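Please look over the sequence and the fold before reading on. The paragraphs below go from the interior outward to the strands, the ligand and the backbone geometry.

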Amino acid sequence: MSFAASVLTLYPEMFPGALGLSLAGRALEAGIWSLEAIQIRDFATDKHRTVDDTPAGGGAGMVMRADVLARAIDHASPPGDERPRLLMSPRGKPLTQAVVRELAAGPGAVILCGRFEGVDQRLIEARELEEVSIGDFILSGGEPAALVLLDAVVRLLPGVMGNAVSGEEESFENGLLEHPHYTRPQEFEGRPIPDVLISGNHKKIAEWRHAEAEKLTGERRPDLLTAIRNLRYDPSTKLLSVWFTPSGDRYDYEGVEPEVYAAFTAAASKGRFFNDFVRDRYSVRLVEYGRRR
Ligand code: SAH
């Protein structure tokens, strides 16, 4: 079963684009994933093949029409299609490695690329589109965002990366930014490779890398270094509540087995246990906002 991507766009020529090369391109050729780029304009009904119109209520720009987009989506994703339907959108939930991993574990995705000011709200609701953002900036269209999302997903598909381990050691997979890398030459412009890396002591090397990753994360992305402040577990509902610091937020994880909670409370590093065995494994709800920044 391969990962099937259907992209709805006004610019199908942008696909596969960068994804036709390198790792993703080879995987595409090998049939590990498939990509179909669908021209939204083909679902317009007037002779000018119009896909947009002026915003209700006035204002600048144009809005993509719900009726045209609905026909395109219904064509790409007929009843019974199990794939999530995504809308690339700066208002969407942030694309994170956890989201990427979840998509990569599924059958594929139907991805709508917006243009102009965006799409009619009724389409988003009627077709239950999940809005996904690749960051807090505005692109001119959803296509580059779709390429980014698919690139991140495809490299996780089984058989795509030569070295399966490297996928798991990247930044974010363990909640930290990655440690620095070095390769030959031994000395570059007077800068040697750190001694520990040529020591051959694998335990020391792993410790050094972890310490560097923590240091770097603390300097650049302290927001990623959340710690667990408190745990509470209700065996009758199998609900695990986790309080985080510094945010003070509380998240409830559903369907957690008592053994998992017992191991959690016993774990020497709560953060690591959480990353390895809790986060992304259960359905979760943010139930309490702590103090906001
Ligand atoms: N008026 C909109 C921006 C429209 S940009 C607003 O202010 O929110 C046009 C299209 O580009 C969007 O419909 C969306 O599909 C895409 N896009 C822009 N920025 C994006 C981002 N950060 N992530 C994902 N898609 C984005």
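A nonpolar core is here a set of buried Ala, Val, Leu, Ile, Met, Phe, Trp, Tyr and Cys residues joined through C-beta atoms within 7 Å, and a residue is buried if 20 or more other C-beta atoms lie within 10 Å of its own. In this predicted model, the largest such core has 49 residues, and those with the most contacts inside it are Val-7, Leu-8 and Ile-111. Helix H5, residues 143–154, gives the most to this core, with seven residues. Apart from it lies another core, of six residues, including Val-242, Tyr-253, Phe-274 and Val-278. In general terms, nonpolar side chains tend to be buried together in soluble globular proteins.

As for the overall frame, the protein has nine helices and 13 strands, and its C-alpha trace spans about 70 × 55 × 40 Å along the principal axes. Of the 293 residues, 24% are buried, while residues 24 or more positions apart account for 70% of the contacts with a separation of 6 or more. The chain is divided into domain 1 (3–154), domain 2 (172–225) and domain 3 (226–288), with the C-alpha centres of domain 2 and domain 3 lying 29 Å apart.

Val-7 offers a way into the larger core: leaving aside its neighbours within four places in sequence, Val-7 is in contact with Phe-15, Leu-35, Ala-37, Ile-38, Ile-111, Cys-113 and Ala-146. Phe-15 belongs to the loop between strand S1 (3–9) and helix H1 (22–29), and, with the same neighbours in sequence set aside, is in contact with Val-7, Leu-35 and Ala-37. Is Phe-15 buried or exposed? Phe-15 counts as buried because 21 other C-beta atoms lie within 10 Å. Phe-15 and Pro-144 are 129 residues apart in sequence, yet 9.7 Å apart in space from C-alpha to C-alpha.

The peptide bond that joins Phe-15 and Pro-16 is cis, with omega about -5°, and Pro-16 too is placed in the loop between S1 and H1. A cis peptide bond also runs from Arg-184 to Pro-185, with omega near 5°; Pro-185 is found in the loop between helix H6 (164–169) and strand S8 (187–188).

Two residues other than glycine have a positive phi: for Ser-22 the value is about 55°, and for Glu-128 it is near 50°. Ser-22 lies in helix H1 and is exposed, because 11 other C-beta atoms lie within 10 Å. Glu-128 is in the loop between helix H4 (121–126) and strand S7 (130–133), and counts as exposed because it has 8 C-beta neighbours inside 10 Å.

Among the strands, S11 (residues 239–245) and S12 (residues 250–253) pair in the antiparallel sense over four bridges, and Leu-240 has Tyr-253 in S12 as its bridge partner. These two strands form a hairpin with four residues between them, where Gly-248 in the turn has a positive phi of about 80°. S12 also pairs with strand S13 (residues 284–288), again antiparallel and over four bridges, and here Tyr-251 stands opposite Leu-286.

Finally, the ligand has 18 residues around it, of which Met-88, Gly-114, Leu-139, Gly-142 and Ala-145 come nearest. Strand S5 (residues 85–94) supplies the largest share of this shell, four residues. By type, the shell divides into eight nonpolar, seven polar and three charged residues.

Methods: Residues numbered from 1 in each chain as written. Near = placed C-beta within 6 Å. Nonpolar A, V, L, I, M, F, W, Y, C, P; charged D, E, K, R; others polar. Domains from an automatic or database assignment. Buried ≥ 20, exposed ≤ 12 C-beta atoms within 10 Å, placed from the backbone. Contact = placed C-beta atoms within 7 Å. Pairing = 2+ DSSP bridges.
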